[in-house]
Amino acid sequence: MSIRKSAALLAAAAVAGTALGLAPTVATAGTTGQSGLLSCTHAWSNQDPDGSNPKTITRSAVNVRSGPHTTCGIVGSLNPGDQVFYHCYTTTQNDGTWTHLRKSGTSMDGWVKDTLLPDGGSGYPC
């Protein structure tokens, strides 16, 4: 994990801890219209300059989601040998960091938890 990503995680944890201390329900507020779910909408842009160098997936059945939370819908899955292009990453309140990516040769794109990705996901914030 990059130093920048580590610093971002520490800052997010500090903010989340403070927010949770002040208002315990902040972590479950969402825009999905279903109580208890986190928002599945998150802005992203292609910030990763390594766009000509795809990463190769090494794990089986890696879910690609519509948003950077485990409660967000699955738009597809990745398997060993699949190649992906990283766009950027974001830090979530409860689920760590997630990378927005696109599967090579397809129009499938979405969010994958960084712990499931080669090199720990993108090193460039959204």
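Contact is taken here to mean heavy atoms within 4.5 Å. By this criterion, and leaving aside neighbours within four places in sequence, Ile-74 is in contact with Asn-63, Val-64 and Arg-65 in the predicted model. Ile-74 belongs to strand β3. The C-alpha atoms of Ile-74 and Val-64 lie 5.7 Å apart, although 10 residues separate the pair in sequence.

The protein chain comprises one helix and six strands, arranged from the N terminus in the order α-β-β-β-β-β-β. Of its 126 residues, 35% count as buried. The accessible surface amounts to about 6,700 Å², and carbon and sulfur atoms account for 56% of this area. When contacts between residues at least 6 apart in sequence are considered, 53% of them join residues at least 24 apart.

The loop between α1 (3-22) and β1 contains Cys-40, a residue that is buried at a relative accessible area of 18%. Cys-40 and Arg-65 are 25 residues apart along the chain, and their C-alpha atoms are separated by 8.7 Å. Arg-65 is also one of the residues in contact with Ile-74.

In soluble globular proteins, nonpolar side chains tend to be buried together. The largest nonpolar core of the model has 10 residues, namely Ile-57, Val-62, Val-64, Leu-78, Val-84, Tyr-86, Leu-101, Met-108, Val-112 and Leu-117. Two or more residues of this core are given by each of the elements β2 (62-65) and β4. Val-64, a member of the core, is among the contacts of Ile-74.

Strands β5 and β6 run antiparallel and are joined by five bridges. Within this pairing, His-100 has Trp-111 in β6 as its bridge partner. The two strands form a hairpin with five residues between them, and Gly-105 in the turn has a positive phi of about 80°.

Side chains of opposite charge can pair when their charged atoms come close. The structure holds two salt bridges. In one of them, the side chains of Asp-119 and Lys-55 meet at an N to O distance of 3.3 Å. Asp-119 lies in the segment after β6 (109-113) and Lys-55 in strand β1 (residues 55-56), so this pair ties together parts of the chain that are 64 residues apart in sequence. The partners have contrasting surroundings: Asp-119 counts as exposed at 62% relative accessibility, whereas Lys-55 is buried with a relative accessible area of 17%. The backbone of Asp-119 is also notable, as phi is near 60°, a positive value in a residue other than glycine.

The other salt bridge is formed by the side chains of Asp-82 and Lys-103, with an N to O distance of 3.7 Å. This pair links distant parts of the chain, with Asp-82 in the loop between β3 (74-78) and β4 (83-92), Lys-103 in strand β5 (residues 96-103), and their positions 21 residues apart in sequence. At 18% relative accessibility, Asp-82 counts as buried, the threshold for this class being under 20%.

Further interactions were identified around Asp-82. A polar atom of the Asp-82 side chain lies 2.8 Å from the backbone nitrogen of Asn-79. Not counting residues up to four places away in sequence, Asp-82 touches Lys-55, Thr-56, Ile-57, Ser-77 and Lys-103. This set includes Lys-103, the salt-bridge partner of Asp-82, and Lys-55, the salt-bridge partner of Asp-119. The contacts of Asp-82 also include Ile-57, which belongs to the largest nonpolar core.

A positive phi is likewise found at Ala-61, where the value is about 50° although the residue is not a glycine. Ala-61 is placed in the loop between β1 and β2. With a relative accessible area of 52%, Ala-61 is exposed, the limit for this class being over 50%.

Definitions and conventions:
Residues are numbered from 1 along each chain as its sequence is written. This is a predicted model: local features need pLDDT of at least 70, side-chain atom pairs count only at pLDDT 80 or more; totals for chains, interfaces and linings use all residues. Side-chain values use heavy atoms; hydrogens and water are left out. Helices (H or I, at least four residues) and strands (E, at least two) are DSSP runs, numbered from the N terminus. Buried means under 20% relative accessible area, exposed over 50%, partly exposed in between (1.4 Å probe, protein chains only). Accessible areas come from the Shrake-Rupley method with a 1.4 Å probe; for residues, only the protein chains shown count as cover. A salt bridge is a side-chain nitrogen of Lys or Arg within 4 Å of a carboxyl oxygen of Asp or Glu. A nonpolar core is a set of buried Ala, Val, Leu, Ile, Met, Phe, Trp, Tyr and Cys residues joined through side-chain atoms within 4.5 Å. Two strands pair if DSSP finds at least two bridges between them. A polar contact is a pair of N or O atoms within 3.5 Å; within protein, one must be able to donate a hydrogen and the other to accept it, and residues adjacent in sequence count only if both atoms are side-chain atoms.
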